[in-house]
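Please open the model in your viewer and display it as a cartoon. The stops below indicate what to select next and what is to be found there.

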Amino acid sequence: MIDYQSHLNPAQWEAVRTVDGPVLVLAGAGSGKTRTIVYRLAYMTQQGVPPQRILLLTFTRKAAQEMLHRAGQLMGHGPAALHGVQGGTFHAFAYSVLRRTPPPGFPDRCTLMDRSDAETVMREIKSTAGLGKGDRSFPKTGTILDHYSKARNKELPLDEVVKQESFHLIPYAGAMQQLCDAYAVFRREKGLLDYDDLLFGLESLFRHDPETLARCRERFSHVMVDEYQDTNLVQDRLVTLLVGTGEPGSMGGNVMAVGDDAQSIYAFRGANISNILTFPDRHHGTRLIKLEQNYRSTQPILDLTNAILSQAQAQFRKQLFSDRTDGPVPRLVRPLSDRTQAQIVCEEIIRQCAAYGPEQVAVLFRAGYHSYHLEVALNRAGVRFRKYGGLKYTEAAHIKDAMAYLRVAVNPADMPSMHRILAQVEGIGPKTAASLFNALMAGDAKTVAKLTKKHPQAADMLALLDRLRAAPPRPVPLLEQILEFYQPILERLHPDDHPRRRTGLEELVQIAAGYEDAGQFLADLHLENPEQPEAEGGPAVCLSTIHSAKGLEWRAVHIIDLVEDRFPSRQALLKAEDFEEERRLLYVACTRARDELSLYVPTSIYKRGQNISEPATASPFLREMGVHVFEEWREGYNGMLSKWGGMAREPGSTPAAPAKAQASPPWQPSAAVPKAPPPVSQAAQPAPGDLGWCRHKVFGRGKLVQHLPPDKYRVNFPSFGLKVILAEYLEREE
DNA sequence: AGCAGCTCAATTTTT
DNA sequence: TTGAGCTGCT
């Protein structure tokens with residue numbers, strides 16, 4: 001038996017043992033929220049709730065799996081003890097229902113579109129409608145979809161969103177509406193679901209088909225929802241539909257919502273903070289439990305995060321406290337520029353890696369591209385890092401190519417996939433692909449015959465697709481057929497690096513091996529980001545956007561680019577609510593740190609357009625924080641840091657303070673790509689036949705792809721892509 | 001119609 | 001730096 005009370009504090013224990021009826025747990029950052037959910041899962045099953053009747057909705061699939069795993073371990077039976085618990089995101093849950101029963105108005109077989117599929121469809125609609133042709137200020141395909149999705153998630157009319165978000169697009173609101181209407185019709189006709197359709201589709205299914213709703217209610221007796229502050233209106237309605245609010249036939253309101261209103265950072269995609277604030281009003285008899293003791297960070301760090309929150313508009317008031325009263329005061333570092341910032345952070349990271357290990361060090365930033373300089377600096381210093389929030393594995397062109405065949409096998413009307421496949425045939429472009437697809441859909445045999453005669457490869461392709469559709473939907477055998485057909489196309493499309501891409505495709509087959517059903521495989525690939533297959537190479541420093549860092553923690557955390565226009569981002573300055581969200585974002589970032597926290601305010605930012613560095617203003621959040629919560633350091637022209645108002649520090653004398661290595665020369669503006677000739681080692685000439693790996697001063701480790709006589713190589717660097725480099729700048733590895 | 005090459009513009013966050 | 005979309009050539 002688990003001794004719950006000795007493992008949990010009183011508030012946690014109350015949350016764990018309150019199994020029935022509505023519960024709202026307000027869990028401050030680092031207050032043992034995950035621990036509470038894990039123990040509650042174990043407790044519920046020990047109380048006799050069958051695991052398969054528990055629904056655990058989390059923000060990512062990974063979070064759900066980790067909780068189930070830990071709960072299983074806790075019970076000493078491994079994960080099998082909780083077999084049958086349904087866990088994942090709202091989107092994944094919705095699709096698991098919709099896969100069997102499509103939403104009203106949709107055909108029987110539907111496939112899921114990701115963002116770029118949606119763009120393909122919208123582009124096609126735009127060109128059919130002939131809207132925006134030759135008008136340079138007409139909103140881009142992506143912009144239209146952004147606004148459409150925002151309008152749906154916030155449940156506002158499109159023109160209202162346009163008015164709020166993009167003043168300059170108001171003249172185009174009518175045209176945008178027209179295109180979005182056509183896009184909606186198209187999805188219904190072709191059986192294509194975008195992300196938002198999953199949520200609204202499930203809701204409309206529940207409302208139009210009481211039997212399905214009844215089945216779901218019967219199936220689940222208890223629902224837990226994590227990160228409730230980031231749910232939007234439709235997600236909240238889905239929860240209410242599932243658990244009911246006490247009406248007969250509902251599950252009796254056994255719902256636990258867990259969240260922290262101070263950590264709401266997804267309003268931009270429609271998250272509605274009042275969902276959590278008004279939860280007790282809407283679920284009668286809600287037990288409200290607050291977790292306020294922080295087990296993660298030292299008190300000096302919490303003093304700073306409390307200072308951030310004290311300026312926020314009051315919601316549920318809370319004051320985090322910790323037993324860990326010791327520890328260094330957070331540092332505010334003012335580098336001369338954004339590029340010296342990279343240098344300083346890099347050196348600091350090297351020190352911390354030695355002290356804590358690389359996996360305990362992270363750099364967080366507002367937007368993906370803010371880490372560019374740092375990536376260069378880390379590579380040059382030979383520090384391993386992994387970046388989160390960037391491009392995803394499933395977005396690589398060849399992966400999408402292969403998946404498109406599989407998707408057409410599941411849904412023959414899948415237009416973006418069909419488009420993608422047909423365009424692989426030499427001589428077929430957007431126009432021919434569109435007319436062939438339309439002819440196929442309309443059963444226009446004459447046109448099909450005419451086009452396939454002209455493009456024999458397309459005929460082979462259609463024959464393959466017919467075979468795939470006739471075969472049982474087992475993903476591995478299907479993929480094997482697909483890859484056989486696709487291989488020559490791959491070699492033609494990517495002459496310089498098809499072997500590497502081939503490896504990626506084989507990994508895809510490996511992932512598919514875990515699935516019996518192709519439809520399920522496709523859904524999971526779209527709805528979760530499969531953990532990066534490049535997990536090779538052991539521990540690494542983490543570079544991440546703050547959004548992707550949610551729920552994680554490290555012993556040492558750096559937050560860079562705390563200047564106006566970057567953090568808060570420029571557009572957030574216009575509206576008060578956006579500004580508030582930026583503040584919470586900073587709060588989330590700072591509460592990731594356990595022992596050491598460093599904030600960086602570069603004094604100037606390099607402007608890409610001109611060759612000019614402009615002075616930067618410190619983020620307003622720092623100014624309102626007050627100086628007592630951090631220690632301030634400035635970089636001098638000699639590259640040394642000195643304590644503001646105090647004496648210059650001797651390098652290395654205070655391990656807790658930023659150390660700037662003396663050995664490194666002062667940063668030079670042109671140093672992004674060093675002119676100094678790197679040593680030409682004798683081994684620098686890679687053997688032509690055996691293209692292995694190499695190392696570059698700036699870009700780091702890369703795969704040699706092709707020799708370009710006489711003296712250049714095409715190299716693929718994991719974080720920088722393909723580059724052509726002079727051989728003398730490369731060092732052969734192993 | 002397709003394709004290469006060019007110009008210009010823009011850069012938030014994610015299921 | 002990258003990408004999207006336009007122009008002009010084949």
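Begin by selecting His-91 in this predicted model. Is this residue buried or exposed? His-91 counts as buried, because its relative accessibility is 18% and the limit for a buried residue is under 20%. The residue belongs to helix H5, which covers residues 90-98. Now display the side chains around His-91: leaving aside residues up to four places away in sequence, His-91 touches Tyr-195, Leu-198, Leu-199, Gln-235 and Leu-527.

**The whole chain**

Next, select chain A in full. Its secondary structure comes to 27 helices and 25 strands. Of the 734 residues in chain A, 53% are buried. If one takes the contacts between residues at least 6 apart in sequence, 74% of them join residues at least 24 apart.

Colour chain A by domain. The domain assignment gives domain 1 as 10-99 + 199-293, domain 2 as 111-190, domain 3 as 301-389 + 536-643, domain 4 as 395-527 and domain 5 as 693-733. Keep domain 1 and domain 2 on screen: their centres, taken over C-alpha atoms, are separated by 33 Å. Where these two domains meet, 10 residues of domain 1 are in contact with seven residues of domain 2.

**The six-stranded parallel sheet**

Now select the strands E3, E2, E6, E7, E1 and E8. In that order, these six strands form an open sheet with parallel pairing. Strand E3 (86-88) and strand E8 (287-291) are the edge strands, each pairing on one side only. Neighbouring strands in this sheet are turned against each other by 10 degrees on average, direction ignored. On this sheet packs helix H2 (residues 10-17), which touches strand E1 (23-27), E7 and E8. The direction of helix H2 makes about 145 degrees with that of E8.

Within the sheet, select strand E6 (residues 222-225) together with strand E7 (residues 255-259). These two strands pair in the parallel sense over three bridges. Val-223 stands opposite Val-255 in E7.

Then move to strand E1. How many of its residues are buried? Five of the five are, so E1 is largely enclosed by the rest of the structure. Both faces of the strand are covered: on one side Val-23, Val-25 and Ala-27 are buried, and on the other Leu-24 and Leu-26 are buried.

Display the backbone of E1 and its partners. Strands of a sheet pair through backbone hydrogen bonds, in either the parallel or the antiparallel sense. E1 and E8 pair in the parallel sense over five bridges, and the bridge partner of Leu-24 in E8 is Leu-288. E1 is also joined to E7 by four bridges, again running parallel. In that pairing, Val-23 stands opposite Met-256 in E7.

**The eight-stranded mixed sheet**

Select next the strands E13, E14, E12, E15, E16, E11, E19 and E20. Taken in that order, these eight strands form an open sheet, and the pairing is mixed. The edges are strand E13 (385-388) and strand E20 (641-643), each of which pairs on one side only. Here the average turn between neighbouring strands is 25 degrees, direction ignored.

At one edge, strand E19 (residues 631-635) is joined to E20 by three bridges, and the two run antiparallel. The bridge partner of Glu-635 in E20 is Leu-641. For the helix beside this sheet, select H17 (residues 372-381), which lies across strand E12 (361-365), E13 and strand E14 (541-545). Helix H17 runs at about 160 degrees to E13.

Within the sheet, pick out Ser-598 in strand E16 (residues 593-600). Ser-598 is buried, because its relative accessible area is 0%. Not counting residues up to four places away in sequence, Ser-598 touches Arg-331, Val-557, His-558 and Ile-559. For a distance across the model, select Pro-477 as well: Ser-598 and Pro-477 are 121 residues apart in sequence and 51 Å apart in space, C-alpha to C-alpha.

**DNA strand C**

For the last stop, display DNA strand C. Which residues are around DNA strand C? They are Arg-123, Gly-134, Arg-136 and Thr-141. The residues of this surface divide into two charged, two polar and no nonpolar.

Conventions:
Residues are numbered from 1 along each chain as its sequence is written. Chains are lettered from A and ligands numbered from 1 in the order in which they are written. This is a predicted model: local features need pLDDT of at least 70, side-chain atom pairs count only at pLDDT 80 or more; totals for chains, interfaces and linings use all residues. Side-chain values use heavy atoms; hydrogens and water are left out. A residue is near a molecule or strand if one of its heavy atoms lies within 4 Å of it. Ala, Val, Leu, Ile, Met, Phe, Trp, Tyr, Cys and Pro count as nonpolar, Asp, Glu, Lys and Arg as charged, and the others, Gly among them, as polar. Two strands pair if DSSP finds at least two bridges between them. Axes are lines fitted to C-alpha atoms, for helices over the stretch in contact, and angles run from 0 to 180 degrees between N-to-C directions. Contact means heavy atoms within 4.5 Å. Buried means under 20% relative accessible area, exposed over 50%, partly exposed in between (1.4 Å probe, protein chains only). Domain bounds come from an automatic or database domain assignment.
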